[in-house]
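Reader: I am new to this structure and would like a close look at one part of it, taken slowly. Please choose a place where charged side chains can be followed, and describe what surrounds them.

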Amino acid sequence: GIAHDYLRMLQLLNLYSSRSAMDVQEFCNRFVAFILMGNTDAHLKNWALMYPTSRQPQLAPLYDPVCVSVFFEDVPSSAYAVNRAIDKSLRAFTWDDLSALLKQAGLLRPSNVLRKCKELVLQAQADWPALLKDAPPAVRRSVQERLAGGVSLATEK
């Protein structure tokens, strides 16, 4: 499942990246942002590594972030069934789940990564509503619902 894939990616970045602390934090920040924005299509095919030295990987720049949850509106519940199942899991994903994932990945300072991810949620809740002002209405509704507590990470502290 997604947790297993993300665990492997975190382990790889932590052990082999030439900038492991930065890449691990960025990976976690993206994961949290994807939950907040309803990106249920962020499987490992949507993550890439670069090899600038040909030996040590680095997390590649972000690409392909999509608010997939917007497509759930006004369609039968059977539509986008796989993405809806992923969304259900991501909505329920908690800080304890992220903490356990970070510890399982063998990070030296998982509490620092977790703290920065919590700060990211607070920043998103403060800044994204203004950014969403010009977004398509369905995107604005979907993301604002998530920011307002529609996902566990937005309600827990």
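Author: A salt bridge here is a side-chain nitrogen of Lys or Arg lying within 4 Å of a carboxyl oxygen of Asp or Glu. The model is a predicted one, in which local features need pLDDT of at least 70 and side-chain atom pairs count only at pLDDT 80 or more, while totals for chains, interfaces and linings use all residues. Residues are numbered from 1 along each chain as its sequence is written, and side-chain values use heavy atoms, with hydrogens and water left out.

By that rule the structure has 7 salt bridges, and one of them joins the side chains of Arg-30 and Glu-26, with N and O 2.9 Å apart. Both residues belong to helix α2, where they stand 4 residues apart, or about one turn of the helix (helices, H or I of at least four residues, are DSSP runs numbered from the N terminus). Arg-30 is buried, at a relative accessible area of 10%, whereas Glu-26, at 30%, counts as partly exposed (buried means under 20% relative accessible area, exposed over 50%, and partly exposed in between, with a 1.4 Å probe and protein chains only). In general, side chains of opposite charge can pair when their charged atoms come close.

The part to look at closely lies where α3 and α6 are linked by such pairs. Asp-87 and Arg-146 form a salt bridge through their side chains, at 2.6 Å from N to O. This pair ties together distant parts of the chain, since Asp-87 sits in helix α3 (residues 81-92) and Arg-146 in helix α6, 59 residues apart. Each partner is buried, Asp-87 with a relative accessible area of 5% and Arg-146 with one of 0%. Another salt bridge brings together the side chains of Glu-145 and Arg-91, at 3.0 Å from N to O, and this pair too links distant parts of the chain, with Glu-145 in α6 and Arg-91 in α3, 54 residues apart. Here the partners are partly exposed, Glu-145 at 37% relative accessibility and Arg-91 at 24%. Through salt bridges that share partners, Asp-87, Arg-91, Glu-145 and Arg-146 are joined into one network.

Consider next the two helices that carry this network. In α6, the buried residues are Val-139, Ser-142, Val-143, Arg-146, Leu-147 and Gly-150. Seen down the helix axis, these residues fall within an arc of 155°, so they line one face of α6 (the arc is that of the directions from the helix axis to the C-beta atoms). They pack against α2, α3 and α5 (110-131). As for length, α6 spans only 17 Å between its end C-alpha atoms, although a straight helix of 14 residues would span 20 Å at 1.5 Å a residue (the expected span is 1.5 Å times one less than the number of residues).

For α3, by contrast, the 12 residues should span 16 Å at 1.5 Å a residue, which agrees with the 17 Å between its end C-alpha atoms. The buried residues of α3 are Asn-83, Asp-87 and Leu-90, and their arc of only 65° around the axis puts them on the same side of the helix, while Val-82 and Lys-88 are exposed on the other side. The cover over the buried residues of α3 includes α2 and α6. Arg-91, leaving out residues up to four places away in sequence, touches Glu-145, Arg-146, Gly-150, Val-151 and Ser-152, where contact means heavy atoms within 4.5 Å.

Helix α2, which holds the pair of Arg-30 and Glu-26, also meets α6. The two helices, α2 (residues 20-37) and α6 (residues 137-150), pack at an angle of about 115° with their axes 7 Å apart, the axes being lines fitted to C-alpha atoms over the stretch in contact and the angles running from 0 to 180 degrees between N-to-C directions. In this contact, Ile-35, Leu-36 and Met-37 of α2 meet Val-143, Arg-146 and Leu-147 of α6. By class, the contact has 5 nonpolar, no polar and 1 charged residues (Ala, Val, Leu, Ile, Met, Phe, Trp, Tyr, Cys and Pro count as nonpolar, Asp, Glu, Lys and Arg as charged, and the others, Gly among them, as polar). Arg-146 thus appears both in this contact and in the salt-bridge network described above.
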